[in-house]
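Thanks for asking me to look this one over. Here are my notes, set out point by point so that you can follow along in the viewer.

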Amino acid sequence: MSEREAIAKARRIVVKAGSSSLTTPDGVLDAGRIDALVDVLAARRADGTEIVFVSSGAIAAGLGPLGLTRRPRDLATQQAAASVGQGQLFARYTSSFARHAMTVGQVLLTADDMMRRSHHRNAQRTLAQLLALGVLPIVNENDTVATDEIRFGDNDRLAALVAHLIRADALVLLSDVDALYTGDPRLPGSRRLTDVRGPEDLRDVRLGGSGRVGTGGMVTKVEAARIAGIPVVLTNAASAAEALAGDEVGTLFHPAEGRRMSTRDLWLAHATTGQGRVMLDPGAVEAVVRRRKSLLPAGVTGVEGDFAAGDPVDLCDAAGRVVARGLVNYDASEIPDLMGRSTRWLARELGAEYEREVIHRDYLVVLAGEPEPQAAQPREGARHREGAPPREAAPKQHAAPRQRR
Ligand SMILES: Nc1ncnc2c1ncn2[C@@H]1O[C@H](COP(=O)(O)OP(=O)(O)O)[C@@H](O)[C@H]1O
Ligand SMILES: N[C@@H](CCC(=O)OP(=O)(O)O)C(=O)O
């Protein structure tokens, strides 16, 4: 069965639509295009396929009502716009799907929900239950509470992680452009790519930024396809029916062979940015990278940046190369006093609270030697699958990173 056929036959699909496909240039919802897309999703649902719909557009839909002419740059105004727009967006979907006697459920997720095990399971359970009840879940990032440091921003990577969460068979990304091109599609000479089978197909491709209201552009779509590990079609919203039917529209990203990473590792590796750097001695690099151990204060030789406990930070070897990323248990300002100290010494001199690791291994992903895009190999010594117990006993305390302050 070809991968196009696999999409046509998929029993569980994630469909993601970008802001530009759902809103008008005036910053209001485009009712006509929303209804047309809803008709396509309803038709596919009618044949028994379970669909989770990831919809952007909250910020874009909030612009008009707030009298804004362009997407705001500052987070607070983006959040205000999302707060206004999300209500309108969901109200519109509720009435549009009601035309097909379908019930929809709103699921707003933060990046944290993808990463913290208890949140992750909750989200998984909720989505499964909505599907079991015949409800069509409509997912967006919970923009009103997401902070700059820990935020998806675009919904492409969120859609890929949702596909993992529900074990979808296929992912369809709908944008304002009908495919991935070798360069900016508005420029002459740009050619459509019908298939992407591996990184070699992307070597000469110029992945540009987003359009007027979108976020991430092609970079996050290609990244999402890499993360998803299932067939992914990228096309425009007008071609949604053809994409779901397995027709030769848009660009098909073929999944790579090999074991998939856990959702949490994928999130850390692909959806976060290190908020600072922690330098490791060779022993700590060996422990973290090869033996998949937690990072202890004894192996830290330096710190850069102004991060807080709970932030993602990059771990670097003596040459400054980033070898891993993890959620740190200490503020940057606390680390110089702990560096090079044994946990026993720290507990004795500073108190039991300082016995905790700098980064617990459950919140740490190795980046050095990561497989090339689309050519995923099983990771050497991969720790454990999502949901399976870790090989070693969890430490006594602070298995989860301390919360941001
Ligand atoms: N190589 C490329 N192929 C296709 N589109 C590209 C490319 N580089 C940049 N783009 C731009 O990416 C935009 C889509 O990304 P984005 O605005 O984030 O969309 P969405 O809101 O659907 O997520 C298109 O409008 C297109 O102009
Ligand atoms: N969660 C945001 C998504 C932001 C965004 O622009 O995403 P996208 O259009 O998918 O690139 C919103 O609803 O506005």
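**Notes on the ligand 2 shell, the annotated site and one helix**

1. Let me start with the surroundings of ligand 2. Both α3 (58-63) and β4 (136-141) contribute at least two residues each to the shell around this ligand. The largest share belongs to α3, with 3 residues. Please keep in mind throughout that this is a predicted model.

2. Which residues come nearest to ligand 2? Of the 18 around this ligand, they are G18, S19, S56, A58 and I59. By character, the shell is made up of 10 polar, 4 nonpolar and 4 charged residues.

3. Next, the annotation. An unreviewed UniProt entry lists S56, D143 and N155 under "binding site". These three span 100 residues in sequence, but no two of their C-alpha atoms are more than 10.7 Å apart, so they gather at one spot.

4. S56 deserves a visit of its own, as it is both in that UniProt list and among the residues that come nearest to ligand 2. You will find S56 in the loop between β2 (50-55) and α3. Is S56 buried or exposed? It counts as buried, because 31 C-beta neighbours lie inside 10 Å, where 20 are enough for that label. Leaving aside residues up to four places away in sequence, S56 touches A17, G18, S19, N140 and N155.

5. N155, also listed by UniProt, sits in the loop between β4 and α7 (156-165). This residue counts as buried too, because N155 has 28 C-beta neighbours inside 10 Å. Its contacts, again not counting residues up to four places away in sequence, are K16, V54, S56, N140 and E141. The two annotated residues S56 and N155 therefore touch one another, and N140 is in the contact list of S56 as well as in that of N155.

6. Now for a helix, α11 (residues 282-290). Its buried residues are A284, V285, V288 and V289. Why do they belong to the same side of α11? Because they cover an arc of only 110° around the axis. On the other side of α11, P282 and G283 are exposed.

7. What do the buried residues of α11 pack against? Their partners are the strands β9 (276-280), β10 (300-305), β11 (312-316), β12 (322-327) and β13 (364-366). After the helix, have a look at R292, which follows α11 and has a positive phi, near 55°.

Note on methods: Residues numbered from 1 in each chain as written. Chains lettered and ligands numbered in written order. Predicted model: local features only at pLDDT ≥ 70, side-chain atom pairs only at ≥ 80, totals over all residues. Near = placed C-beta within 6 Å. Helix = DSSP H or I, 4+ residues; strand = E, 2+ residues; numbered from the N terminus. Nonpolar A, V, L, I, M, F, W, Y, C, P; charged D, E, K, R; others polar. Buried ≥ 20, exposed ≤ 12 C-beta atoms within 10 Å, placed from the backbone. Arc of directions from axis to C-beta. Contact = placed C-beta atoms within 7 Å. UniProt positions renumbered as here; feature names shortened; annotations may be inferred.
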